[in-house]
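Reader: I am new to protein models and would like to learn how to read one. Could you take me through it feature by feature?

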Amino acid sequence: MSMPISANKWIWGLCATAGSFVLLSSLLLFFLPEAAAEPSQEAVKTLPHWGYYMAAAAATGLSCIGAGIAVSQVGAAAVAAISEKPELLGRVLVILGLAEGIAIYGLIISIIIIAAL
């Protein structure tokens with residue numbers, strides 16, 4: 001049976017999400033300064049394709065949060081399994097790698113989204 005996620009993990013997850021949002025927003029501001037530029041009096045210009053950048057950031061951020069939760073659950077079970085049967089180390093590492101692959105899939109989707117521009 002899986003155990004419910006405690007309140008501390010939820011708080012940690014929310015803080016990590018907020019931190020990721022601030023980090024990604026500051027990176028966008030750093031690499032795309034025209035997004036934060038003051039509009040001129042003549043014409044108001046908006047950043048084209050801003051939705052693509054936000055979708056890429058959301059894909060990476062949310063997949064990393066999901067991978068973190070998966071690795072925390074699998075890692076705890078892996079330590080318990082290895083302590084009882086050390087010969088399970090190879091199998092457990094493969095399963096941990098699959099859980100970490102979730103973040104890589106999100107990064108690949110982000111690269112595909114940005115490359116579509």
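Author: Gladly! Let us begin with helices: a helix here is a DSSP run of at least four residues marked H or I, and helices are numbered from the N terminus. Gly13, for instance, sits in helix α1, which covers residues 7–31. Keep in mind that this is a predicted model.

Reader: How many helices and strands does the protein chain have?

Author: There are 3 helices and 0 strands. Following the sequence, you read the pattern α-α-α.

Reader: Back to Gly13: how do I decide on a word for its exposure?

Author: Use the relative accessible area: under 20% is buried, over 50% is exposed, and anything in between is partly exposed. Gly13 has 21%, so Gly13 is partly exposed. As for its place in space, Gly13 lies 9.6 Å from Gly66, C-alpha to C-alpha, although 53 residues separate the two in sequence.

Reader: And why is Ser110 called buried?

Author: Its relative accessible area is 6%, and buried means under 20%. Ser110 belongs to helix α3. If you set aside the neighbours within four places in sequence, Ser110 is in contact with Ala56, Ala59 and Thr60.

Reader: Which residues of α3 are buried, and what do they pack against?

Author: Besides Ser110, the buried residues of α3 are Val92, Leu96, Ala99, Gly101, Ala103, Gly106 and Ile113. They pack against α2, residues 50–84. Over the whole protein chain, 15% of the 117 residues count as buried.

Reader: How do I read the length and the line of α3?

Author: Compare the span with the one expected at 1.5 Å a residue. With 27 residues, α3 reaches 38 Å from its first C-alpha to its last, close to the expected 39 Å. Then look for a bend: α3 has a kink of about 30 degrees, centred on Glu100.

Reader: Which residues make a nonpolar patch on the surface?

Author: Ile104, Tyr105, Ile108, Ile109 and Ile112 make one of about 510 Å². Ile104 lies in helix α3, residues 89–115. For the protein chain as a whole, the accessible surface comes to about 9000 Å², and 74% of that belongs to carbon and sulfur atoms.

Reader: One last thing: what can contacts tell me about the whole chain?

Author: Take the contacts between residues at least 6 apart in sequence, and ask what share joins residues at least 24 apart. In this protein chain that share is 73%.

How values were computed:
Residues numbered from 1 in each chain as written. Predicted model: local features only at pLDDT ≥ 70, side-chain atom pairs only at ≥ 80, totals over all residues. Heavy atoms only, no water. Patch = residues over 30% accessible without salt bridge, like charges linked within 9 Å, V, L, I, M, F, W, Y side chains within 5 Å. Areas by Shrake-Rupley, 256 points an atom, 1.4 Å probe, with all protein chains shown as cover. Salt bridge = Lys/Arg side-chain N within 4 Å of Asp/Glu carboxyl O. Helix = DSSP H or I, 4+ residues; strand = E, 2+ residues; numbered from the N terminus. Buried < 20%, exposed > 50% of the residue type's maximum accessible area, 1.4 Å probe, protein only. Contact = heavy atoms within 4.5 Å. Expected span 1.5 Å × (residues − 1). Bend = angle between axes of the 7 residues up to and from the residue.
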